[in-house]
Every structure is written in structure tokens, then in C-alpha cells.
Amino acid sequence: MDRRREELMAAALELFSTRDAEDVSIDDVASKAGASRALVYHYFGGKQELYVAALRSAAEQLESRLRPQEGGRPLDELTSGLKRYFDFVEEHAAGFAALLRGGPANRTGEVGEIVDGVRRRLFLLIQKQMGVEEPSPVLRTTLRSWIASVETAGLDWLEHRDIDRPTLEKLLVDQMVALLRVAASHDGDVAGLLERPA
């Protein structure tokens with residue numbers, strides 16, 4: 001990818017991570033990147049195109065981190081995947097925050113599809129690691145709830161950084177185990193999913 005285009009997207013992500021998209025202007029992005037308005041329009045055509053391109057780039061980078069490594073017990077795979085997830089959060093704070101930040105206005109059209117696509121792929125990855133072909137309603141609800149918790153924990157950690165990463169990651173894995181125990185009391189097929197051998 002062209003270096004100037006990357007710089008413009010990085011500047012945009014940083015701005016979008018702290019402000020609503022509608023409050024960020026092309027001039028803001030150009031100034032942040034040390035570029036001209038004309039250059040922003042040359043690469044992206046407009047602010048919406050820039051916003052979508054920047055979010056898509058962040059989403060692709062995150063998804064590339066989440067590809068399964070395979071070979072361990074589901075709980076080990078979950079722990080490893082969570083570490084890679086938080087590697088991304090730490091290394092690409094602006095991209096992560098921009099991807100997940102914003103109200104309902106930012107959740108429609110292409111932007112909503114990008115964010116939902118990341119969540120869907122994360123869901124499918126966890127489902128695959130657990131060896132589940134078709135999750136029951138109880139398991140589906142449990143996994144989606146946990147993914148929302150992980151996203152919220154990532155944003156909270158970026159804002160406060162008052163808990164060390166290994167502790168946070170362990171907390172989230174323990175939360176998944178606890179959620180699955182509760183789910184198992186409502187659906188017998190959920191019991192033992194994380195204890196399956198590799």
C-alpha cells in the first residue's frame with residue numbers, strides 16, 4: 001500500500017478513535033497527516049470513503065491476528081487468541097478504538113458491516129475452537145455476550161490502563177469459563193466444551 005495513503009489512514013484512525021466521525025473534517029485529517037486536502041481527496045474521494053477504508057484496514061489487521069493457531073485444548077486456544085487480540089489492542093490502540101467507538105449512527109451501512117464482520121468471524125473462530133458445528137441458542141447467546149465483554153474490556157483498558165494485561169486476559173478467560181458453567185446449567189450440551197482434548 002502507498003505510504004502516503006497509509007499515513008492518511010493512520011491519522012484518520014487516531015482522530016476517529018477520540019471523536020465521532022461527523023466531528024472530524026478532511027482538514028483535520030490532512031493537518032494531522034501533514035498533507036493537503038487535495039491529497040486526501042485524491043486517495044479517498046471524501047470523508048466517508050476515508051472512514052470506511054480506515055476501519056476496514058483496522059478490521060483486517062485485527063482479523064489477521066485472530067486466525068487460529070490450532071493444536072491445543074480449546075481453553076489454551078482461547079487464551080492464546082485473547083493474547084493476540086490484546087496485542088492488537090495495544091499496538092493499534094487508535095484503530096481498535098475507532099473500530100468499536102461510536103453510537104448507532106456509525107453502525108449502519110458499510111461501517112456496521114465491517115464491525116459486525118469482525119464480531120462474526122471472532123464468534124466463528126471460538127465456535128470452531130470448541131468443536132461446535134451448530135451452537136444452541138444458549139451457547140450462541142453466551143459467546144456473543146463474552147465477545148461484547150472482551151470489546152468493552154479492551155476499550156476500558158485503553159482508557160485507564162490500571163490493570164496489567166496478563167491479569168486482564170486471565171480475568172476474561174475465567175469469565176468465559178464461568179459463563180459456560182452457567183450456560184451448562186441451562187443446556188447440558190455445553191458442559192465440558194472447554195475441557196475437550198486437542
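## Salt bridges between helices

With a relative accessibility of 40%, D27 counts as partly exposed in this structure, which is a predicted model. The partner of D27 is R37, and the two side chains meet in a salt bridge with an N to O distance of 3.0 Å. This pair links distant parts of the chain, with D27 in helix 2 (residues 26-33) and R37 in helix 3 (residues 37-44), 10 residues apart. R37 is likewise partly exposed, its relative accessible area being 40%, and so falls between the limits of 20% for buried and 50% for exposed.

A second bridge joins E110 and R56, whose closest N and O atoms lie 3.7 Å apart. Here too the pair links distant parts of the chain: E110 belongs to helix 7 (residues 109-129), R56 belongs to helix 4 (residues 47-65), and their positions lie 54 residues apart in the numbering when counted as a separation. E110 is partly exposed at 41% relative accessibility, and R56 is also partly exposed, with a relative accessible area of 35%.

## A bridge within helix 7 and a shared network

Which residues form a salt bridge while both lie in helix 7, about one turn of the helix apart? They are D116 and R119, which are separated by 3 residues along helix 7, and their side chains meet with an N to O distance of 3.7 Å. An α-helix has 3.6 residues a turn, so residues three or four places apart point the same way. In terms of accessibility, D116 is partly exposed at 35%, and R119 is partly exposed with a relative accessible area of 28%.

Elsewhere, salt bridges that share partners join K83, D87, E90, R165 and E169 into one network. Across the whole structure, the search finds 16 salt bridges.

## Helix 5 and its contact with helix 8

Helix 5 (74-91) contains 18 residues, which at 1.5 Å a residue should span 26 Å, and the 26 Å between its end C-alpha atoms agrees with that expectation. Its buried residues are P74, L75, E77, L78, G81, L82, R84, Y85, F86, D87, F88 and V89, and these pack against helix 4, helix 6 (93-100), helix 7, helix 8 and helix 9. D87, one of the buried residues of helix 5, is also a member of the salt-bridge network described above.

How do the axes of helix 5 and helix 8 cross, and within what distance do they come? The two axes come within 11 Å and cross at roughly 40°, and the crossing is right-handed. On the helix 5 side the contact is made by L78, L82, Y85, F86, V89 and E90, which meet W146, V150, E151, G154, W157 and L158 in helix 8. By class, this contact has 9 nonpolar, 1 polar and 2 charged residues.

## Helix 9

Helix 9 (residues 165-184) has 20 residues and should span 28 Å at 1.5 Å a residue, and its end C-alpha atoms, 29 Å apart, agree with this value. The buried residues of helix 9 are R165, L168, E169, L172, V173, M176, V177, L180 and A183, and they pack against helix 5, helix 7 and helix 8 (137-160).

Two of these buried residues, R165 and E169, also belong to the salt-bridge network that includes K83, D87 and E90. The packing between helix 9 and helix 5 appears from both sides, since the buried residues of helix 5 pack against helix 9 and the buried residues of helix 9 pack against helix 5.

Note on methods:
Residues are numbered from 1 along each chain as its sequence is written. This is a predicted model: local features need pLDDT of at least 70, side-chain atom pairs count only at pLDDT 80 or more; totals for chains, interfaces and linings use all residues. Side-chain values use heavy atoms; hydrogens and water are left out. A salt bridge is a side-chain nitrogen of Lys or Arg within 4 Å of a carboxyl oxygen of Asp or Glu. Helices (H or I, at least four residues) and strands (E, at least two) are DSSP runs, numbered from the N terminus. Buried means under 20% relative accessible area, exposed over 50%, partly exposed in between (1.4 Å probe, protein chains only). The expected span of a helix is 1.5 Å times one less than its number of residues. Contact means heavy atoms within 4.5 Å. Axes are lines fitted to C-alpha atoms, for helices over the stretch in contact, and angles run from 0 to 180 degrees between N-to-C directions. A crossing is left-handed if the near helix is turned anticlockwise from the far one by less than a right angle, and right-handed if clockwise. Ala, Val, Leu, Ile, Met, Phe, Trp, Tyr, Cys and Pro count as nonpolar, Asp, Glu, Lys and Arg as charged, and the others, Gly among them, as polar.
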